[in-house]
Amino acid sequence: MTGPVHTGRALVEVAPGVHVATSRVMATTSTVLVGPRGVLLVDPAWVPSELDALATTLDERDWRVVGGFATHAHHDHLLWHPRFGDVPRWASPRTAELARTERAALVEALGDGWPDELVDLMGRVEPAADIDEGIELVVHDGHAPGHTALWLAEQRVLVVGDMLSDREVPLPFWPDDLPAYLAGLDRLAPYVASAAVLVPGHGTPTHEPMARLDADRRYLDEVIAGRVPDDARLEDAENRSEYDHLVELVRTSG
Ligand SMILES: [Zn+2]
């Protein structure tokens, strides 16, 4: 990774035992779930200095990491740091498979400037169907095959990975698969409806999860209908180019 050195940002408790740090890069979130046996780290992100700073914060609070979880097989969600410890790291079976078979491309996507040690640790996840009582894994194929949300029933928190973001528009790409994305939203819908807090992989956690689901369904419905969505996210140039990609996908899958 080239460019400025980013420092880690503070952990914010968004629900009891659920702490979120937000990266300066693409507002990528790291979620720290504090349980009775220790900490489960979900998608710790993003640049090496921020991973290191997160480890320092955990040390300062005397929070021991007992496991990791990767929501999906994209490079910015498969990271780890030696200071988190040599503990089990899990993902859905499909995510774990892709982390292995797509490793060369994922390493490439990290870009330059990553210490070998962190490159080596990226994506070392093992398949799990279940990780902890109290955490339900909600697996679907929207955005990435085997994409997994974590549902914390007690706190009514949904850690949703790269879906339902206020920052990114829906990205049903690589592989381009709009039906899988729509099915993913349907799979998530009952959890979103029950959630008090939703934590997206990029952007801002919210106490109004349904508004995120409504926004993404509206966005997709509009594009499918051949209209330009009235969506504030399209003011961002990157999101506009993702919109163009989706228009093309809808056109060619006619
Ligand atoms: Zn992603």
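**Note on the zinc site, loops and cores**

1. Leu164 has a relative accessible area of 1%, so the residue is buried. Its place is in the loop between E10 and H5. The backbone there deserves a look: phi of Leu164 is near 55 degrees, a positive value in a residue that is not glycine. The model is predicted, and the points below should be read with that in mind.

2. A second residue with positive phi is His143. Its phi is near 70 degrees, again in a residue other than glycine. His143 sits in the loop between E8 and E9. Buried or exposed, then, is His143? It is buried, because its relative accessible area of 7% falls under the 20% cut-off.

3. The strands on either side of His143 form a hairpin, with six residues between them. E8 and E9 pair in the antiparallel sense, and six bridges join them. One register point to check is Val138, which stands opposite Ala149 in E9.

4. Which residues hold the zinc ion? Its protein donors are His72 through NE2, His74 through ND1, His143 through NE2 and Asp162 through OD. They lie 2.2 Å from the metal. Along the chain, the donors follow the spacing H-x1-H-x68-H-x18-D.

5. The geometry of the zinc site is irregular, with angles of 89 to 172 degrees among the four donor atoms. Why is the site not called tetrahedral? That label requires all angles to lie between 85 and 135 degrees, and the range here extends to 172 degrees. For reference, ideal angles for four tetrahedral donors are 109.5 degrees.

6. Two of the donors link separate loops. His72 is in the loop between E5 and E6, while His143 is in the loop between strand E8 (135-140) and strand E9 (147-152), so this pair ties together parts 71 residues apart in sequence. Both His72 and His143 are buried. Their side chains also make a polar contact with each other, at 3.4 Å.

7. His72 merits its own point. Its loop runs between strand E5 (65-69) and strand E6 (89-91). At 0% relative accessibility, His72 counts as buried. Its side chain has a polar contact of 2.9 Å with that of Thr71, and another of 3.1 Å with that of Asp162. Asp162 is also one of the zinc donors.

8. What else surrounds His72, beyond its neighbours within four places in sequence? The contacts are His77, Leu78, Thr95, His143, Ala144, His147 and Asp162. Take His147: this residue is 75 positions from His72 in sequence, but the two C-alpha atoms are 4.8 Å apart in space.

9. E5 and E6, which flank the loop of His72, belong to an open sheet of seven strands. The order is E1-E2-E3-E4-E5-E6-E7, and the pairing is mixed. Strand E1 (12-15) and strand E7 (126-127) are the edges, each pairing on one side only. E5 and E6 run parallel and are joined by two bridges. Gly68 stands opposite Arg89 in E6.

10. There are two nonpolar cores to inspect. The largest has 29 residues, and Leu41, Phe84 and Trp114 touch the most other members. Strand E4 (38-42), helix H1 (48-60), helix H2 (93-101), helix H3 (103-110) and helix H4 (116-121) each supply at least two residues of this core. H1 gives the largest share, four residues. A second core, separate from this one, has 28 residues, including Leu171, Ala189, Tyr219 and Leu220. As background, nonpolar side chains in soluble globular proteins tend to be buried together.

11. Two cis peptide bonds should be checked. One joins Ala45 and Trp46, with omega about 5 degrees. Trp46 lies in the loop between E4 and H1. The other joins Trp174 and Pro175, with omega about -5 degrees. Pro175 is in the loop between strand E10 (157-161) and helix H5 (178-194). Leu164, raised in the opening point, is in the loop between E10 and H5 too.

Note on methods
Residues are numbered from 1 along each chain as its sequence is written. This is a predicted model: local features need pLDDT of at least 70, side-chain atom pairs count only at pLDDT 80 or more; totals for chains, interfaces and linings use all residues. Side-chain values use heavy atoms; hydrogens and water are left out. Buried means under 20% relative accessible area, exposed over 50%, partly exposed in between (1.4 Å probe, protein chains only). Contact means heavy atoms within 4.5 Å. A polar contact is a pair of N or O atoms within 3.5 Å; within protein, one must be able to donate a hydrogen and the other to accept it, and residues adjacent in sequence count only if both atoms are side-chain atoms. A nonpolar core is a set of buried Ala, Val, Leu, Ile, Met, Phe, Trp, Tyr and Cys residues joined through side-chain atoms within 4.5 Å. Donors are N, O and S atoms within 2.8 Å of the metal (3.2 Å for Na, K and Ca); water is not among the atoms, so sites may look incomplete. Four donors count as tetrahedral if all angles lie between 85 and 135 degrees; four count as square planar and six as octahedral if opposite donors are over 155 degrees apart and all others between 65 and 115; anything else is irregular. Two strands pair if DSSP finds at least two bridges between them.
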